[in-house]
Number of protein chains: 2
Amino acid sequence: MSKMDLSWDSYRTFLTVLQEGSLSAAARELGLTQPTVGRHVDAMEATLGYPLFVRSPHGLLPTDAALALKPYADTLAATSAALLREASSQRDTVSGAVRISASEVIGIEVLPPILAELHAAYPALTIELSASDTVEDLLRQEADIAVRMVAPAQDALIARHVGAVPISFHAHRRYIERRGMPETLADLARHSLIGYDRETSAIRAIIARSPELPSVPFAFKADSNLAQLAAIRAGFGIGICQNGLAARDPDIVPVLPGLFEMKLETWLVMHENLKTAPRCRVTFDALAKGLRDYIRGIAPAVAGSHDPAQAAQAIV
Amino acid sequence: MSKMDLSWDSYRTFLTVLQEGSLSAAARELGLTQPTVGRHVDAMEATLGYPLFVRSPHGLLPTDAALALKPYADTLAATSAALLREASSQRDTVSGAVRISASEVIGIEVLPPILAELHAAYPALTIELSASDTVEDLLRQEADIAVRMVAPAQDALIARHVGAVPISFHAHRRYIERRGMPETLADLARHSLIGYDRETSAIRAIIARSPELPSVPFAFKADSNLAQLAAIRAGFGIGICQNGLAARDPDIVPVLPGLFEMKLETWLVMHENLKTAPRCRVTFDALAKGLRDYIRGIAPAVAGSHDPAQAAQAIV
DNA sequence: TCTTGCTCATGCATTTCAGTATATCTACTC
DNA sequence: GAGTAGATATACTGAAATGCATGAGCAAGA
């Protein structure tokens, strides 16, 4: 077993079997047949000298050894996808696919109009938007460009600071008419609050930086910031959301303006290798401009509140 | 060209052709034949829709498009190699290959005895030592474990500080007998100095931190720290080297001890994913102990010199 | 000028690999 | 208890990819 000679294709089928859980499903996914996929797995096990899966009539259950190899197979898949993205964008033309990673709220509420305008300007450009609150690794090529609320510490990344997104309490006008408008932070105790479900490290950081916040139990708990936003819009109660999003709906009114506000520093991040790729350069610039406009457009609405609540390296 | 379906194997042959420069050489490297390799490249070009190489009787010259894809192919190769390394190290047994990245001096002068002892304890363990002053990327899996003189900033890396390696001026006894022992830093101007060739950013940082150093032209210039060490040992002149290395040879004597010394903070770095891999854990611990011993063993020799010349984030 | 050594390109035989069809096993539903 | 739908494993057949042999082009050196 000195000179291993495994086909790189076997890694792909291995990963697919791992993801799908059965030879048949993997075969469907790969456009192959079940015997072929089985043979690939057999060959890989024969080469390595130990089993990767335990067969059962319900599918293939990965062994610990197989799970240990999964991260490598994942990066292989991400890298080959990135290679294809780069390859399908021809020289000097803005075409091909750009994969963008952003939080759910940003990806769903903020980016679409920006991307629509970009696509109108470059019809050959395809957008892959990964709207998820899990941080994707740019170094592993899981995305080409990312919108981040945390300062990018890694080398080999190009980062551009696009401003700070202010967030503060908001509620629907109907709710305020029904329950009254709180005047102080302490008044919040008598209201229906919308907040997080599980306490993440990012949230703990926010709490630590904002001792003025009363600790009131939430009436609506959701980890998804989108769900919190939807609850605010539905008039469920008072929650925190980006001022810029609230300003779009005249029925959403700020609550305790000036008494509590935080700013989420926002960065646009891209891998250094991609700075010469036209499709990425163009998208990067369009996102930077669009996000700056978004932040600037809402800045006047909250002008006058200069509280030093610093940038929370956090959610949203 | 919507649904690209390129075999991952074609990436491997593509990369090999890129590295070797010809279909024939790539075929030899891969254990295939030249027509097969040519067909792989043809298929890749047909799928992408544009040429990757210009054919000539002397070999294949990559186009710009091909060069743009090379980093991705490199990552694929590094990752699949890492996967194989992980795969060939069985469960719960210390076996398989560990790839270690270190500077030339550390890798050649310091590590071998440590690794020899490690291998004696675990004969099934294979060592791949990459002794190079170019920084290899642990996140890209170019190595499993690295000895670094710079603080590791990246996430997802496990780092252990193993101490500070003191470096200072040294010379061979023969040289001192011939040219005399300098008493002050200014005396260095009358001596044959051994130093760097090109001024890197790391070296500039050292110079900035050590204003007491006179700017004297070097009589022997080499970017390789190994070559500088060899020049010191050959009695060429006075140069900077690690005190621990100098202490091994009674003919190498310290020059201006206490007047100039720097400490290179040293870290052992490993990817987080590998902390459960027995072969890596064992190697990591052995390196940590070995390097600590190396540093400790030379500490008494220079005891008493407590000048605050801080850690230079630099070479050696 | 002719040889040598390197390259890539092409036609043809073969081997290898993938697909089809089928058997078998298990869980779940009626 | 029979039937259905999911899974893997195994023979057999056919296509596709590989290897072999050969031809042709170019550069260096005798």
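**Close-up 1. Elements of both chains that face DNA strand C in this predicted model.** H3 of chain A joins helix H2 (23-30), H3, strand S1 (53-56) and strand S2 (59-62) of chain B, and each of these supplies at least two residues of the surface near DNA strand C. Here, a residue is near a strand if one of its heavy atoms lies within 4 Å of it. Helices (H or I, at least four residues) and strands (E, at least two) are DSSP runs, numbered from the N terminus. H3(A) provides the largest share of this surface, four residues. A quick note on reading these legends: residues are numbered from 1 along each chain as its sequence is written, and chains are lettered from A and ligands numbered from 1 in the order in which they are written. Since you will want the filters too: local features need pLDDT of at least 70, side-chain atom pairs count only at pLDDT 80 or more, totals for chains, interfaces and linings use all residues, and side-chain values use heavy atoms, with hydrogens and water left out.

**Close-up 2. Residues and atoms around DNA strand C.** DNA strand C is surrounded by 20 residues, and the closest are A:Thr36, A:His58, B:Leu23, B:Ser24 and B:Pro57. By class, this surface has seven nonpolar, 10 polar and three charged residues. In this scheme Ala, Val, Leu, Ile, Met, Phe, Trp, Tyr, Cys and Pro count as nonpolar, Asp, Glu, Lys and Arg as charged, and the others, Gly among them, as polar. On the DNA side, sugar or phosphate holds 72% of the strand C atoms within 4 Å of the protein, and bases hold the rest. Zoom in on the phosphate oxygens for three polar contacts (pairs of N or O atoms within 3.5 Å; within protein, one must be able to donate a hydrogen and the other to accept it, and residues adjacent in sequence count only if both atoms are side-chain atoms). A polar backbone atom of B:Leu23 is 2.5 Å from a phosphate oxygen of DNA strand C. An N or O atom in the side chain of B:Ser24 is also 2.5 Å from a phosphate oxygen of this strand, while for the side chain of B:Arg28 the distance is 3.4 Å.

**Close-up 3. The surface near DNA strand D.** Now turn to DNA strand D, where 20 residues surround the strand and the closest are A:Leu23, A:Ser24, A:Pro57, B:Thr36 and B:His40. From chain A, helix H2 (23-30), helix H3 (34-48), strand S1 (53-56) and strand S2 (59-62) each supply at least two residues, as does helix H3 (34-48) of chain B. H3(B) gives the most, with four residues. The residues of this surface divide into seven nonpolar, 10 polar and three charged. Of the strand D atoms within 4 Å of the protein, 68% belong to sugar or phosphate and the rest to bases.

**Close-up 4. Polar side-chain atoms at DNA strand D.** A:Ser24 places a polar side-chain atom 2.5 Å from a phosphate oxygen of DNA strand D. For B:Thr36, an N or O atom in the side chain is 2.6 Å from a phosphate oxygen of this strand. A:Gln34 reaches a base: a polar side-chain atom of this residue lies 3.0 Å from a base nitrogen of DNA strand D.

**Close-up 5. The interface of chain A and chain B.** Chain A brings 39 residues to the contact (heavy atoms within 4.5 Å), and chain B brings 39 residues. The buried area, meaning the accessible area (1.4 Å probe) that two parts lose on being put together, summed over both, is about 4,000 Å², with 64% from carbon and sulfur atoms. A:Trp8, A:Tyr72 and A:Leu83 supply 22% of the area that chain A buries against chain B, more than any other three residues. The elements giving two or more residues to this side of chain A are helix H1 (8-20) and helix H4 (64-87), and H4(A) gives the most, with 17 residues. By class, this side of chain A has 21 nonpolar, 10 polar and eight charged residues. Between the chains there are 10 residue pairs in polar contact (both at pLDDT 80 or more) and zero salt bridges.

**Close-up 6. Where domain 1 of chain A meets domain 2 of chain A.** The domain assignment, automatic or from a database, gives domain 1 (8-85) and domain 2 (90-316). Their C-alpha centres lie 37 Å apart, and the contact takes five residues from domain 1 and nine residues from domain 2. About 570 Å² is buried between these domains, 54% of it from carbon and sulfur atoms. A:Thr75, A:Ala78 and A:Arg85 supply 78% of the area that domain 1 buries against domain 2, more than any other three residues. There is one salt bridge between the domains, by the rule of a side-chain nitrogen of Lys or Arg within 4 Å of a carboxyl oxygen of Asp or Glu. The side chains of A:Arg85 and A:Asp144 meet in a salt bridge (2.5 Å, N to O).
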